[in-house]
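Please open the model in a viewer and keep the sequence at hand. The tour below proceeds by selection, from aromatic pairs to nonpolar cores.

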Amino acid sequence: MTEQSFPKPSPNPLDRLHVTDGLMINAQRWRLAHHYSRRRQNLHYQSLNQPGIVCGLGVHPTQAPPGVQSKFQTGWLMIKPGIAIDGEGNPIIIDRPMEFRINDPKPSKLEPILVYLVVSYVDPEELSLRNDNDVVREIFRIDQKTDPPSHLEVEVCRINLQPGNVEIKQPNDVLFPQVNDIDLRYRIIARSRPEIVIETAMLSPQASGGMMSEAEGKYCQDNLAFLMRSVESLDSRMQGISEIQQIRLNPNETLDFDLLYLTEQQTFELGNEQIEILEKYLESGGTVLIEIPIDNDINQNYKDLTDWATEEFNLNFIHWERLLPEHLLKVHPFLFAIPPNINNESIQLFVGGGMIIIIGHLSQAWGINEHILPRNEIRTAQEFGINLLYFAWYRRHQTQLLEKLSSE
């Protein structure tokens, strides 16, 4: 199952028919009454739920209907009956098996191309066809596309399609589809909307002066992605987006995420301009997490360490604070008296506003790597990581609620 952050409904007011004695009902007023009910229902669904497949909509290869030919025809699929709901809360009901032809979208290309099979809702009132019946059936459409589905489209399957005359197949292993296999792994199931959606970012290796290799950058990114994928299973109210944004801290970049993860090496390479961007990001409610490997040469006394961090990382704008027992990082959503131990080493934590410095190897326990750790240690590290993510989200969310409108 894939993950996606779906847009929330726009805060547009609802208009409904003002009913009075003697009101004459015409088509326009009748349409307004129905439109109000539909919008209210859609608003309710979109506010509390996310779109996806409710049931059915299985898919399998089939033969072309007799006498049907196409120059760029690749294969045919059969879509089974089922129900889905789109990103605005509209129901998509397929009541009978539907045949659909898959065409080679770029026959001149030699490499495989990813194609998506999607269904979407069609409002009968938007069709130009004349209809003299008293009853109008809501319909749908099935499309093949090469761009990822929008929030108004529900993915039925995808295929990594080899160009040319190929055969679309059922996968031998549904967990590992191959080229030309039907891939169902990314279908989204309709469900309740997470209360909290958290996004993170890292400084790209190219932006850190070359001190961090591509392999090191990928190692840190994979560990953070493992943490993001574990969020929902440990706290169902939250959803972590495992696609980690790669940024360069350029003045023209939009920093639209809750937490920025930096390694010690990357932090040493920050220039004055990047430090200023970080400062503005923190002022806007962002959180910066710096992880420093345990070094016995560092005096880990609180005052010495914060002075060292301020001097070495040029963080003169940070006011460091002791982590009190009721601090959010310790109590929500998981309770910690002290930060966890990883591989028999104590993790130390220092906080200054939205700046967090971790002394230790916490992120190593978020993922699967060469360090063999007990399961309870991995679980504890992930729970503390989720506390970090929640803190970042809460700080940014509360700050944005207090911001003035740009027009004021």
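Is phenylalanine 336 buried or exposed? Select this residue first, bearing in mind that the model is predicted. Phenylalanine 336 counts as buried, at 10% relative accessibility, because the cut-off for that class is under 20%.

**First stop: two aromatic pairs**

Aromatic pairs number 4 in the structure. Select phenylalanine 257 together with tyrosine 281: the ring centres are 5.1 Å apart and the planes stand at 45 degrees, so this pair is tilted. Phenylalanine 257 belongs to the loop between strand E16 (245-247) and strand E17 (259-263), whereas tyrosine 281 sits in helix H4 (residues 272-283); the pair therefore ties together parts 24 residues apart in sequence. The relative accessible area of phenylalanine 257 is 0%, and the residue is buried. Tyrosine 281 is likewise counted as buried, at 3% relative accessibility.

Next, return to phenylalanine 336 and add phenylalanine 384. Their ring centres lie 5.0 Å apart with the planes at 80 degrees, so the pair is edge-to-face. Here, too, distant parts of the chain are linked: phenylalanine 336 is in the loop between helix H6 (328-331) and strand E19 (341-342), and phenylalanine 384 is in helix H7 (residues 375-402), 48 residues away. Phenylalanine 384 is buried, with a relative accessible area of 1%.

**Second stop: a ring cluster and two arginines**

Select Tyr390, Trp393 and Tyr394, which ring pairs link into a cluster. Then move to arginine 158, placed over the face of tyrosine 186 at 3.9 Å from the ring centre. Arginine 229 is placed over the face of phenylalanine 226, at 4.9 Å from the ring centre.

**Third stop: the nonpolar cores**

Which residues touch the most other members of the largest nonpolar core? Select Ile356, Leu362 and Leu388, which do so among its 38 residues. Two or more residues each come from strand E13 (196-198), helix H2 (214-234), E17, strand E21 (348-352), strand E22 (355-359) and H7. Of these elements, H7 contributes the most, with 9 residues.

Now centre the view on leucine 362. Leaving aside residues up to four places away in sequence, leucine 362 touches Glu291, Pro340, Ile342, Ile347, Ala381, Phe384 and Leu388. Phe384 is thus a ring partner of phenylalanine 336 and a contact of leucine 362.

Finally, select Leu77, Tyr121, Phe140 and Ile168, which are among the 26 residues of a second, separate core.

Technical notes. Residues numbered from 1 in each chain as written. Predicted model: local features only at pLDDT ≥ 70, side-chain atom pairs only at ≥ 80, totals over all residues. Heavy atoms only, no water. Phe/Tyr/Trp six-rings, centres within 6.5 Å; stacked < 30°, edge-to-face > 60°. Helix = DSSP H or I, 4+ residues; strand = E, 2+ residues; numbered from the N terminus. Buried < 20%, exposed > 50% of the residue type's maximum accessible area, 1.4 Å probe, protein only. Lys NZ or Arg CZ within 6 Å of the ring centre and 35° of its normal. Core = buried A, V, L, I, M, F, W, Y, C linked by side-chain atoms within 4.5 Å. Contact = heavy atoms within 4.5 Å.
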